[in-house]
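Reader: I'd like a close look at one part of this model, the ligand and whatever surrounds it. Could you walk me through it and then place it in the chain as a whole?

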Amino acid sequence: MPEIHWDANLYNKQHHFVSDYGADVLQWLAPKPSEDILDVGCGTGDLAAQIAEKGANIFGVDASTDMIATARKTYPELAFEVVDATKLPYRQLFDAIFSNATFHWIENQEALVEGLFRSLKTGGRLVAEFGGKGNVKSIIDAIASAAAQLNLADKVVTNFWFFPAISTYTSLLEAKGFEVEQAWLFDRPTKLNGEDGMYVWINQFAQHAFKNLNPEEAESIKKLAVSILKPHYYNNGEWTADYKRLRIKAWKR
Ligand code: BEZ
């Protein structure tokens with residue numbers, strides 16, 4: 001996983017769309033009372049709380065201590081733990097596993113999927129949504145193009161997310177024992193808050209791209225990337241990011 005600093009306050013204030021949009025995928029999960037459900041990459045716990053409202057026993061895990069601290073403070077009645085998604089220590093414990101906007105951050109997908117499979121009871125289901133093939137392509141291209149224009153192309157990193165095609169991901173799930181029921185790749189244009197919404201997004205989510213650059217170089221790329229994107233993605237005072245989601249439902253039979 002790239003090293004990203006997650007600021008839970010900023011995330012709640014500026015990036016709340018992540019859990020707002022995530023509410024839709026909960027329909028695929030359809031949690032039932034008294035089910036044991038693991039939320040992988042639970043962030044500040046908002047979707048875990050919605051799952052708990054249906055009567056399920058939710059257990060939220062996230063690699064970020066800051067996110068888990070906020071989740072515990074916001075929802076003290078729920079269980080949260082700092083756990084690396086590639087090292088899930090559970091064996092046949094959960095009726096379902098849920099995950100939103102997390103898998104694209106994970107480098108070791110084999111370890112992730114093996115851990116998910118192990119953690120589920122037989123008959124359990126996995127419902128996950130994350131960035132799919134082509135996700136935020138225009139943002140990635142704008143960063144690369146800005147870096148090239150500033151002669152910094154060799155220092156910028158743009159390939160640290162995992163945005164798989166349907167076939168790539170369903171093959172991986174099947175190779176690890178899952179039976180895939182549904183997989184859906186779809187465009188989901190995503191509104192970003194405020195006039196500086198794209199800058200703030202790049203600053204938070206693409207920080208790994210600039211890890212080899214000094215602050216001035218990074219700043220010049222971010223600003224130029226925003227100006228490249230502006231004519232196409234800033235309309236009527238609102239930024240839109242070109243999100244593409246991969247949503248899957250799979251079973252451990
Ligand atoms: C996403 O949810 O698709 C996403 C979020 C941050 C960075 C890249 C992708």
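Author: Let's start with a term: a polar contact here is a pair of N or O atoms within 3.5 Å. Keep in mind that this is a predicted model. With that cut-off, Arg245 makes a polar contact with the ligand, because one of its polar side-chain atoms sits 2.4 Å from a ligand oxygen. Asn135 has one as well: an N or O atom in its side chain is 2.7 Å from an oxygen atom of the ligand.

Now for the rest of the shell. Besides Asn135 and Arg245, the residues surrounding the ligand include Ala101, His104, Trp105, Trp161 and Phe163. Trp201, Phe205 and Tyr243 are also among them. Sorted by class, that shell comes to 7 nonpolar, 2 polar and 1 charged residues.

How much of the ligand does the protein bury? On its own the ligand exposes 260 Å², and the protein buries 98% of that.

Stepping back to the chain, its secondary structure amounts to 10 helices and 10 strands. The radius of gyration is 18 Å, close to the 18 Å from the globule rule for 253 residues, so the chain is as compact as a globular protein of that length. Along the principal axes, the C-alpha atoms fill a box of roughly 55 × 40 × 35 Å. Of the 253 residues, 54% count as buried. Take the contacts between residues at least 6 apart in sequence: 77% of them join residues at least 24 apart. As for the surface, the chain exposes about 11,400 Å², with carbon and sulfur atoms supplying 49% of it.

Definitions and conventions:
Residues numbered from 1 in each chain as written. Predicted model: local features only at pLDDT ≥ 70, side-chain atom pairs only at ≥ 80, totals over all residues. Heavy atoms only, no water. Near = heavy atom within 4 Å. Polar contact = N/O pair within 3.5 Å; in protein donor to acceptor, adjacent residues only side chain to side chain. Areas by Shrake-Rupley, 256 points an atom, 1.4 Å probe, with all protein chains shown as cover. Nonpolar A, V, L, I, M, F, W, Y, C, P; charged D, E, K, R; others polar. Helix = DSSP H or I, 4+ residues; strand = E, 2+ residues; numbered from the N terminus. Rg over C-alpha atoms; globule rule 2.2 N^0.38 Å. Buried < 20%, exposed > 50% of the residue type's maximum accessible area, 1.4 Å probe, protein only. Contact = heavy atoms within 4.5 Å.
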